[in-house]
Amino acid sequence: SRHLSRLTELNLSGQGVEGPLLRALAECGTLARLRRLDLTGNASLGDRGLSTLSAAPLPRLGTLALQGT
């Protein structure tokens, strides 16, 4: 989507985010453009999701919220 290409902030707090969604966002380049990412309250994210996140290129990320994950 052309709208995702301009996305710099993403709030997914409390949305039940799991690893596959993060993997898809990383593969399409969305995560690399983000300056702020809020994953607060996504207990289902788990170790695999956090591992995916830690392996993703995040050159612009300045704020990452992970409380309750």
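## Where two helices meet

In this predicted model, Gly19, Leu22 and Arg23 of helix H1 meet Gly49, Thr52 and Leu53 of helix H3. Sorted by character, the residues of this contact between H1 and H3 divide into 2 nonpolar, 3 polar and 1 charged. Helix H1 covers residues 19–27 and helix H3 covers residues 46–55, and their axes come within 8 Å and cross at roughly 15°. Angles under 35 degrees count as roughly parallel, and H1 and H3 are therefore described as roughly parallel to each other. The crossing in which H1 passes H3 is left-handed.

Thr52 gives a view of this meeting place from the side of helix H3, in which it lies. When neighbours within four places in sequence are left aside, Thr52 is in contact with Gly19, Leu22 and Arg23. Thr52 has a relative accessible area of 18% and is therefore buried, since buried means under 20%.

## The largest nonpolar core

The largest nonpolar core has 12 residues in all, and these are Leu10, Leu12, Val17, Leu22, Leu25, Leu31, Leu34, Leu37, Leu39, Leu45, Leu53 and Ala56. In soluble globular proteins, nonpolar side chains tend to be buried together. Leu22 and Leu53, which belong to this core, also take part in the contact of H1 with H3.

Leu25 is another member of the core, and which residues does Leu25 touch when those up to four places away in sequence are not counted? Leu25 touches Leu10, Leu12, Thr30 and Leu31, and among these Leu10, Leu12 and Leu31 are listed in the core as well.

## Around strand S2

Asp38 has its place in strand S2, which covers residues 36–38. Is Asp38 buried or exposed? Its relative accessibility is 9%, and Asp38 therefore counts as buried. Not counting residues up to four places away in sequence, Asp38 touches Leu10, Asn11, Leu12, Ser13 and Ala65, and of these contacts Leu10 and Leu12 appear in the largest nonpolar core.

Arg35 is placed in the loop between helix H2, which covers residues 30–33, and strand S2. Arg35 and Thr8 are 27 residues apart in sequence, while their C-alpha atoms are 5.3 Å apart in space. Thr8 is also one of the residues that Arg35 touches, together with Arg60, Leu61, Gly62 and Thr63, when residues up to four places away in sequence are not counted.

## The segment after strand S3

Leu66 lies in the segment after strand S3, a strand that covers residues 63–65. With a relative accessible area of 29%, Leu66 is partly exposed. Leaving aside neighbours within four places in sequence, Leu66 is in contact with Leu39, Thr40, Leu50 and Leu53, and of these Leu39 and Leu53 are members of the largest nonpolar core. Leu66 and Leu7 are 59 residues apart in sequence, and their C-alpha atoms are 19 Å apart in space.

Thr69 is found in the segment after S3 as well, and at 34% relative accessibility Thr69 counts as partly exposed. Thr69 touches Leu39, Gly41, Asn42, Ala43, Leu45 and Leu50, not counting residues up to four places away in sequence. Among the residues touched by Thr69, Leu39 and Leu45 are listed in the largest nonpolar core. Thr69 and Leu25 are 44 residues apart in sequence and 18 Å apart in space, taken from C-alpha to C-alpha.

Methods: Residues numbered from 1 in each chain as written. Predicted model: local features only at pLDDT ≥ 70, side-chain atom pairs only at ≥ 80, totals over all residues. Heavy atoms only, no water. Helix = DSSP H or I, 4+ residues; strand = E, 2+ residues; numbered from the N terminus. Buried < 20%, exposed > 50% of the residue type's maximum accessible area, 1.4 Å probe, protein only. Contact = heavy atoms within 4.5 Å. Core = buried A, V, L, I, M, F, W, Y, C linked by side-chain atoms within 4.5 Å. Axes fitted to C-alpha atoms, helices over the stretch in contact; angles between N-to-C directions. Parallel < 35°, antiparallel > 145°, perpendicular 65-115°, else oblique. Left-handed = near helix turned anticlockwise from the far one by under 90°. Nonpolar A, V, L, I, M, F, W, Y, C, P; charged D, E, K, R; others polar.
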